[in-house]
Amino acid sequence: MTTKPKFPAIELKDLKFWYQPGGWQLAIPKLSLSSGQHLFVRGASGSGKTTLLNLLCGITVPNAGEIWLNGMALHQLSASRRDKLRAYEIGVVFQQLNLIPYLSVLDNVLLRAAFARAPAAAMQQRARELLTALGLGDNYWQQKASQLSVGQQQRVAIARALLTQPTLLIADEPTSALDADNRDAFMQVLLSEADKSGTTVIFVSHDSQLQRYFHYQLAMTALEQGVVAC
Ligand SMILES: Nc1ncnc2c1ncn2[C@@H]1O[C@H](COP(=O)(O)OP(=O)(O)OP(=O)(O)O)[C@@H](O)[C@H]1O
């Protein structure tokens with residue numbers, strides 16, 4: 001029997017954020033995603049996409065309102081508690097994949113386990129299974145990340161992001177350097193692996209072709225000068 005998760009994976013309530021009082025402001029009255037739901041975020045340059053991702057990751061905190069991650073009040077936690085939570089509960093895949101070029105494929109994935117202080121044996125096993133599922137079998141595990149193609153490096157980045165079966169996976173323009181075939185292959189691999197973990201995906205891109213992969217979309221729209229609402 002599968003039980004319904006008690007809390008939304010991520011929930012924003014009356015969120016407001018500004019860098020300087022009286023300046024540009026991000027305002028999101030309500031946003032709620034359940035486990036396994038995927039959201040596409042789009043918006044013009046400067047509309048607040050990076051700002052939103054930083055709030056969702058707990059890198060910054062809102063000036064007003066609430067951010068709940070799997071029932072935990074992210075907005076009330078100290079910076080160090082947010083760092084710890086992020087290490088386990090949030091995976092990220094950015095355009096710059098941020099792999100360590102001189103480390104092996106396996107060690108790049110396992111870096112996340114070190115930050116998350118996750119049980120070593122279980123993480124070793126999961127890393128090997130994930131890499132294999134992503135088409136990188138045992139002959140790749142000891143290769144340096146720098147020896148892989150860009151497509152293979154992206155798969156390593158996906159494996160690293162999903163290693164701890166996080167509540168949330170955040171992707172920021174990870175497909176912008178890819179042609180259409182590679183982009184579609186990347187999307188399929190990312191979302192099918194996220195689905196296996198029940199991970200909720202929030203994906204930022206300028207590429208409206210990608211919307212079809214997502215359950216929901218959020219348009220970051222400038223309503224009036226300096227204020228953005230969604
Ligand atoms: N550290 C900062 N201090 C002050 N203002 C900032 C800071 N970072 C971003 N801004 C402003 O906040 C607004 C939103 O910026 P943000 O980087 O979130 O937009 P974006 O949608 O990610 O843009 P892009 O698509 O170009 O990356 C912009 O008006 C930007 O100038």
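These legends walk you through several close-up views of a predicted model.

**View 1. Meet the residues around the ligand.** Ten names are worth finding here: Tyr19, Trp24, Gly43, Ser45, Gly46, Ser47, Gly48, Lys49, Thr50 and Thr51 surround the ligand. Sorted by class, this shell holds 7 polar, 2 nonpolar and 1 charged residues. Which helix gives the most to the shell? That is helix α1 (residues 49-56), with 3 residues.

**View 2. A hairpin of two strands.** Strands β1 (residues 10-18) and β2 (residues 25-33) run antiparallel and are joined by 8 bridges. To follow one pairing, start at Lys13, whose bridge partner in β2 is Lys30. Between the two strands of this hairpin lie 6 residues, and Gly22 has a positive phi near 85 degrees.

**View 3. Inside the largest nonpolar core.** This core has 52 residues, and Val109, Ala159 and Ile170 have the most contacts inside it. Helix α5 (residues 150-162) gives the most to the core, with 6 residues. Now look at Ile170: leaving aside residues up to four places away in sequence, Ile170 touches Leu53, Leu56, Cys57, Ile90, Val92 and Ile202.

**View 4. How confident is the predictor?** The protein has a mean pLDDT of 89, with 94% of its residues at 70 or more. For the complex, the predictor gives an ipTM of 0.97 and a pTM of 0.89. Where does pLDDT stay under 50? Look at residues 224-230, for which the model has 21 contacts beyond four places in sequence. Where pLDDT is low, the predicted coordinates should not be read in detail.

Key:
Residues numbered from 1 in each chain as written. Predicted model: local features only at pLDDT ≥ 70, side-chain atom pairs only at ≥ 80, totals over all residues. Near = placed C-beta within 6 Å. Helix = DSSP H or I, 4+ residues; strand = E, 2+ residues; numbered from the N terminus. Nonpolar A, V, L, I, M, F, W, Y, C, P; charged D, E, K, R; others polar. Core = buried A, V, L, I, M, F, W, Y, C linked by C-beta atoms within 7 Å. Buried ≥ 20, exposed ≤ 12 C-beta atoms within 10 Å, placed from the backbone. Contact = placed C-beta atoms within 7 Å. pLDDT = per-residue confidence, 0-100. Pairing = 2+ DSSP bridges.
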